[in-house]
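Student: I have a model open and some questions about it. Can we go through them?

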Amino acid sequence: MSPGMRPQGRGRLMDNPRTRVFILLAPVVTFFVVFNTIPTLWLLGLSFYNHSLTSGMPPEFIGFKNFVAIFNGKNSIWFDLSRTFTFVICGVTFQTLLGAALGFLFWGSKNMPGRRIALTLLFAPMVLTPVATGTFFRFIYDPTFGVLNYIARDGFGMAPIDFLGNPKIAFWAVLAVDSWMWTPFMTLMTLAALGSVPKAELEAAEIDRVPYLRRLSLVIWHHGKFIMMLGILLRTIDSFKTLDLIIPMTKGGPGQSTRLVALELNKQSFESFNMGWSSAYAVLLLLISIAMTSVFIYVLNLRRRKEAEE
Amino acid sequence: MTRLRATLYYGILWLISLCFFAPIGWIVLSSFKTQNEILAMPPKLLFSPTFDNYRALFANDGIFKQIANSVFLSLGAVIVAVVVSFLAAFCFSRFKPRGTDFLMFLLLSIRMLPGPAVILPVFLMYVAFGWKDSHLWLLLFYAMFSIPFSVWILKGFLDGVSTRYDETGLVNGGSWMHIIFKVVLPQVRPGLIAAFIFNLIFVWNEYLFNFIIGGVNTQNIPYALMVGTYSDGGLNWTFISAMTSIYMVLPIVFIFIFQKYLLVGMTFGTVRGEV
């Protein structure tokens, strides 16, 4: 084939409905099968085996014993799950409320001098390396050398607080850092949501002297709710996955007070190398995340269905 | 009066931004202090800055390699991911093959799983095939992990581009290749940039995957920080503050330059103009 013929040949392949779908999807499907489908099947299989990389014994089929151990063992999954969901619910609620409030505050500041720099400073926590943030916050929280204790002691005359060493406080101290990192994300989502409200409708509402609260529910919420819901869902998912922020701060301790599901799985699989048990644990997390994905898709489709009706 | 109110309003906004930035500012300040000044009580706000920490940082040979790894992995993975995702998203948006919804669902579910659960079977597979500690395979895994979010963002933007453009192009004798890359691609640029930035920042800051399926060769900075290679197990605060200050420059520059695309990107294509 002469070089000049090539574009035409490729073009012809793209004109056939079957081949063009195949060509466009082939890369993504290849990636997906190699890095996801095969490993997931591997994981499912392994969850029925007793397989420890440190014992040197060949894997042994034990049926559902791994799952039974996870639910009934000394460190039952229920404790980790309830701690994780407390973390998710408290964190996401706080971040959404504060983030949305800040979003509304920043909404009317189009003419602010240095707005772009101010927003960059505000968004900076969320692009910081979580490992570095966690490590440095251990210093900020330090009972002897930390800034926070200095403020508490000299400013308010309080006794030194061991933020990360006290099992009652550690969980909330970690949650505070998580909120500091991710409140700006909810502000970003709020700004995006408010940006999707058509200006014409807002002006119309203003001319008609619609009271502010009704304007909020009728115009702003109507247009912005889709993006807000997306933001809350993304934050819920990421919060459920929290790992590398906590490891450098507490490693899940003191005791088990900051041990979320991701930390426990990380410890069992890559420190103790209990591969069978960890696979079963991962399968359970997979089921939970499939349930969360379904909620996500349901919300997205609500919008699509509504558009079809309109 | 209104002038005063505006000043007050802007002042409050600036104050909020600075409050959020304060801990980061503290990290940057600390990077110019000596070890004694960092640990001083009461904390020192005024001191004579020293560049010794940065000098010590770059005296390590490993640092340059780790930064190079960070750059190579994040850029490479995200470029591969955005190209692959764009093709797939175009297909999902225009031709709607059977099983589109199911595939989109599967893609998203990867993104929902906690890191260790994703990497555990991949780790076993990489060990079995001898793919561990290889730049190429780590890059491909990162690309896979960046695909779902990119497909979702791009599909939203592509759905917003009217199919009339495609039809006009076809009627005028353009091939599909021409339509995809010359007609449609330029119109979803905000989506492409948003997908690029979000995934780049993710891979840039990622530690677990690099730690588990990478190794000494592919080590990036978060990995080095976590295992405390040079930082005495994470207690050498001068090292950590200098390292962090250097490492956060790129993402912060990115969110400054591409700020409007971040906002537009998070609307998943529902807004085409300025936010």
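Student: How many salt bridges are there over all chains?

Tutor: The count comes to eight over all chains, a salt bridge being a side-chain nitrogen of Lys or Arg within 4 Å of a carboxyl oxygen of Asp or Glu. This is a predicted model, where local features need pLDDT of at least 70 and side-chain atom pairs count only at pLDDT 80 or more, while totals for chains, interfaces and linings use all residues. Residues are numbered from 1 along each chain as its sequence is written, chains are lettered from A and ligands numbered from 1 in the order in which they are written, and side-chain values use heavy atoms, with hydrogens and water left out.

Student: Which residue pairs with A:Asp80?

Tutor: A:Arg259, in a salt bridge at 2.9 Å, N to O. A:Asp80 is in helix α4 (residues 77–107) of chain A and A:Arg259 is in the loop between α11 (246–249) and α12 (261–270), 179 residues away. Helices here are DSSP runs (H or I, at least four residues), strands likewise (E, at least two), numbered from the N terminus.

Student: Are A:Asp80 and A:Arg259 buried or exposed?

Tutor: Both are buried. Buried means under 20% relative accessible area, exposed over 50% and partly exposed in between, with a 1.4 Å probe and protein chains only. A:Arg259 counts as buried because its relative accessible area is 7%.

Student: What else does A:Arg259 bridge to?

Tutor: A:Glu264, with the closest N and O atoms 3.3 Å apart. A:Glu264 has a relative accessible area of 1%, so it is buried. Shared partners join A:Asp80, A:Arg83, A:Arg259 and A:Glu264 into one network of salt bridges.

Student: And how far apart are the closest N and O atoms of A:Asp238 and A:Lys241?

Tutor: They are 3.8 Å apart, in a salt bridge. A:Asp238 is partly exposed at 32%, whereas A:Lys241 is buried at 14%.

Student: Switching to the interface. How many salt bridges are there between chain B and chain A?

Tutor: Zero. The two chains bury about 9,000 Å² between them, 82% of it on carbon and sulfur atoms; buried area is the accessible area (1.4 Å probe) that two parts lose on being put together, summed over both.

Student: Which residues of chain B lose the most area to chain A?

Tutor: B:Phe20, B:Met112 and B:Leu120, together 8% of what that side buries.

Student: Last one: how many helices and strands does chain B have?

Tutor: Chain B has 15 helices and zero strands. Buried residues make up 59% of its 275 residues.
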